[in-house]
Amino acid sequence: MLEFRAVDLHLYNTYSRKKEAFQPIEDGVVRMYHCGPTVYQRPHIGNYRAFVFADLLRRVLEIAGYEVIQVMNLTDVGHLQDDADQGEDKLEAQARKEQVDPWQIVAKVSAQFFADLEALGVQPAHHYPRATDHIEEMVEMIQLLLEKGHAYQVGENIYFDVHSFPHYGKLSGNRLDELEAGARLAINPEKKHPADFALWKSDAKHLMKWETVFGPHGYPGWHIECSAMARKYLGEHFDIHTGGEDNVFPHHECEIAQSCSAWDGPFVNLWMHTKFLQVDGGKMGKSLGNAYSLDDLAARGFSALDFRFLLLRGHYRSPLNFTWEAMQGAQEARKNLNDWRNRLLAVTDEKQAQAVDWRSGSAICQARKTFLAALADDLNTPEALAALFPLRNAFLQGHWSGAENAEALALLLQANQVFAFLQQQESSTLSDEEVEALIAARGEARLAKDFARADALRDELSAAGIILEDTAEGVQWFRS
Ligand code: AMP
Ligand code: ZN
């Protein structure tokens, strides 16, 4: 355990616009909701910035000793092309393009999404609710909003009346008068106010549609989906809600209005938003050809974990620029830390690391304090990582004691609980004794000047993932 509570976790709240000391509603338990992917296309690396952040947040909360209940939705209907009430449903547009059923797209893209999450070392959330499985909950919530006078129905369409909720605009800093002035061009005559947003839409041509009390063929608005699903799995008032920065408005602003109005109380205590991942200093986009997938990265020799590491080298509230050079740098840095772990394992072991008591006052203890303080300060991952590299350099100079080796291994393994960047260790086919025996045989072959045999033995070791280093003190080995 990293003893975070001693360090006090501070997290930035988009709503209050400041860092706040974190305090869950229920002692010891954190409930959080993340806006997940719209499953019309395989998520791109930008989307994964938001999802890896959600994983990081969970891991930090868990090592701080909290029980975390984590929900990430899958949007499989109702997300229109302009994020508000205009344009075609993203899923249906894609289905038309591919000339398939929208449900086939949902199945294909969801499978790709879960495979990507696994490759990225993301721990599965406790629930992945799909919007289309929660139509009933949405209808109930909309009925409540109608009863309470926060919504109105025009034909089969239902809109939220933003003037009925005095705090509309507080999260995003938007003002109703400015929003309404800006909306004049695209005025929808059904709306009482241009900033009102759709809770339920009716369209006989829509492929994914439901017969409800509102009429024979309707489908939900994107915002109501998250409000209804969050309530089902986390309750009316919960701790943390996250998304990318584009979710602040209109999506999260509308969620707050609906949920607070329906349940007459507070909704979410802490709103956290990830800044966008950019590519080559600009926006990512399908039409620009730079909305890379994890497969595009793999085709250039970069693993999902290399990409995870690139993400964690940036702070989630700073824009992050993806370039192939930055990817190369992340790959090398990750490899260096991975090698260091393996070298440490060659000179100390996990048992010794577990026994470390952190009271020696060594440079490693200091680095651990810096590491923890950086994470506790609004998840400052670049600063936390920066505390590790000088230790690796010191280790490579070769003057460390056994106690220092054990402390460094302990710190690195703890860091990996949060960052999850180290390669899973392949279970080598050779035991330690077998490795030692092969190394001894290679030494004898060299003494006998039988270099062919010595090389063959080295190759055999290498094939089993064993790396040899000839040093002044003899041969050292570690597992790759
Ligand atoms: P979507 O599939 O469009 O619903 O987006 C899923 C999540 O990815 C949302 O939380 C978005 O805010 C987030 N997102 C989209 N593009 C980016 C990007 N370039 N960088 C970071 N997050 C993004
Ligand atoms: Zn959402």
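This passage describes the overall build of a predicted protein model and then turns to its salt bridges.

Starting with the general picture, the protein chain contains 17 helices and 15 strands. Along the principal axes, its C-alpha atoms occupy a box of roughly 95 × 50 × 35 Å. Of the 480 residues in the protein chain, 53% are buried. The accessible surface amounts to about 21500 Å², and carbon and sulfur atoms account for 49% of that surface. Contacts that span the sequence are also worth a look: when residues at least 6 apart in sequence are considered, 75% of their contacts join residues at least 24 apart.

Charge comes next. The protein chain carries 47 positive and 69 negative charges, and the mean positions of these two sets lie 3 Å apart. Pairing between side chains of opposite charge gives a count of 20 salt bridges. Three of these pairs are described below.

One salt bridge joins aspartate 116 to arginine 42, with 2.7 Å between the closest N and O atoms. Aspartate 116 sits in helix α3 (residues 102–119), whereas arginine 42 belongs to the loop between β3 (29–34) and α1 (45–63); the two are 74 residues apart, and the pair links distant parts of the chain. Aspartate 116 has a relative accessibility of 5% and therefore counts as buried, the cut-off for this class being under 20%. The pair does not stand alone, since Arg42, Asp116 and Asp295 are linked in a network of salt bridges.

A second salt bridge brings together the side chains of lysine 191 and aspartate 85, at an N to O distance of 2.7 Å. Lysine 191 is found in the loop between α5 (176–182) and β7 (197–202), and aspartate 85 in the loop between β4 (67–72) and α2 (90–98), so this salt bridge ties together parts that are 106 residues apart in sequence. Both lysine 191 and aspartate 85 are buried.

The third example is formed by glutamate 236 and arginine 231, whose closest N and O atoms are 3.0 Å apart. Here glutamate 236 is partly exposed, because its relative accessibility is 34%. Arginine 231 has a relative accessibility of 34% and so is partly exposed as well. The class of partly exposed residues lies between the 20% and 50% cut-offs.

How values were computed. Residues are numbered from 1 along each chain as its sequence is written. Chains are lettered from A and ligands numbered from 1 in the order in which they are written. This is a predicted model: local features need pLDDT of at least 70, side-chain atom pairs count only at pLDDT 80 or more; totals for chains, interfaces and linings use all residues. Side-chain values use heavy atoms; hydrogens and water are left out. Helices (H or I, at least four residues) and strands (E, at least two) are DSSP runs, numbered from the N terminus. Buried means under 20% relative accessible area, exposed over 50%, partly exposed in between (1.4 Å probe, protein chains only). Contact means heavy atoms within 4.5 Å. Accessible areas come from the Shrake-Rupley method with a 1.4 Å probe; for residues, only the protein chains shown count as cover. Lys and Arg count as positive and Asp and Glu as negative; His and the chain ends are not counted. The place of a charge is taken as NZ of Lys, CZ of Arg, CG of Asp or CD of Glu. A salt bridge is a side-chain nitrogen of Lys or Arg within 4 Å of a carboxyl oxygen of Asp or Glu.
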